[in-house]
Amino acid sequence: MPIIESVPNFSEGRRPEVIAALVEAIQAPGVLLLDHSSDADHNRTVITVAGEPNAVLEGVFRAVAVAAQKINLFEHRGEHPRIGATDVAPLVPIEGITLEECVGLAHRLGRRIGEELRLPVYLYAAAATRPERKRLPDIRRGEFEGLLETIHLPERTPDYGPAEVGPAGAVVVGARPFLVAYNIYLQTPDVEIARNIAKAIRESSGGLPAVQAKGFLVEGQAQVSMNLLDAEVTPLHVVFTEVQRLAEAQGVAIDRSELIGLAPERVIRAAAAHFLKLGGADNVHTVEGAMRR
């Protein structure tokens with residue numbers, strides 16, 4: 001049976017009742033809830049689910065509908081950039097299905113959201129219909145407030161749904177490989193240090209390949225927030241080490257780091273093998289064996 005994952009991000013991280021409604025809605029029959037996390041400063045919730053494609057599409061659609069009913073972006077404020085109540089809904093191939101097939105599923109989901117919920121939908125990543133829409137930050141540029149002013153322009157015409165913006169904003173739907181959402185907190189409230197580090201490490205500024213990064217202030221601490229688009233190209237330990245080097249150059253230490261959602265086990269094993277300085281061809285298997293005991 002083919003299995004896909006979806007990791008929709010919702011622009012709500014402060015109202016427990018709304019978060020609970022989203023988590024309940026996404027659990028359509030056949031959908032396995034893997035993880036959910038919320039952050040009040042970002043004012044954002046990330047939910048991770050997996051299952052057979054039709055079940056996952058149904059669950060995500062139901063959650064998008066709930067978000068459109070309960071989240072008003074005219075009133076929403078938070079650290080994280082956003083363009084919609086359901087800001088982004090990626091589909092990820094896990095087993096028995098290709099990325100190309102997930103592109104077709106993204107079109108199905110986007111079309112249904114546009115037709116039934118009357119929300120503008122943009123397709124991104126592997127599902128992008130235009131080169132300039134491959135990168136999520138490019139679609140999100142200007143955020144919800146900017147979209148209010150530009151959606152009538154030809155370059156902002158949605159892929160599905162009306163060229164109109166209401167309180168729920170727009171939805172970005174796509175198909176992509178697995179990414180790792182990873183944050184590092186610094187022992188300083190100086191957010192400019194986090195922003196400078198983020199600029200230095202992100203690929204678009206000439207930094208590490210397959211890395212997106214921004215700096216935020218979260219609960220009084222500077223945070224370097226990252227998406228590792230391909231942890232095989234730039235592994236977790238490489239990112240950590242580079243952020244640590246750049247922070248120490250400015251006299252700041254790392255406080256802690258966190259994963260948002262899930263990460264492939266091989267990514268964690270590789271990081272553990274690196275930091276434990278395990279040598280030899282079997283180093284990853286040694287870590288794996290220790291984890292299973």
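Buried means under 20% relative accessible area, partly exposed runs from there up to 50%, and exposed is over 50% (1.4 Å probe, protein chains only). The model is predicted, so local features need pLDDT of at least 70 and side-chain atom pairs count only at pLDDT 80 or more, while totals for chains, interfaces and linings use all residues. Residues are numbered from 1 along each chain as its sequence is written, and side-chain values use heavy atoms, without hydrogens and water.

**Exercise 1.** Place alanine 210 and classify its accessibility.

Step 1. Alanine 210 is in the loop between helix H6 (191-201) and strand S9 (211-218); helices (H or I, at least four residues) and strands (E, at least two) are DSSP runs, numbered from the N terminus.
Step 2. Its relative accessible area is 12%, so alanine 210 is buried.
Step 3. Phi of alanine 210 is near 65 degrees, a positive value in a residue other than glycine.

**Exercise 2.** Do the same for alanine 125.

Step 1. Alanine 125 belongs to strand S6 (residues 121-125).
Step 2. With 14% relative accessibility, alanine 125 counts as buried.
Step 3. Here phi is near 55 degrees, again positive in a residue other than glycine.

**Exercise 3.** Describe the contact (heavy atoms within 4.5 Å) of helix H7 with helix H8.

Step 1. The axes of H7 (residues 236-249) and H8 (residues 265-275) come within 8 Å and cross at roughly 55 degrees. Axes are lines fitted to C-alpha atoms, for helices over the stretch in contact, with angles from 0 to 180 degrees between N-to-C directions.
Step 2. H7 is therefore oblique to H8; angles under 35 degrees count as roughly parallel, over 145 as roughly antiparallel, 65 to 115 as roughly perpendicular and the rest as oblique.
Step 3. H7 contributes Leu236, His237, Phe240 and Thr241, and H8 contributes residues including Val267 and Phe275.
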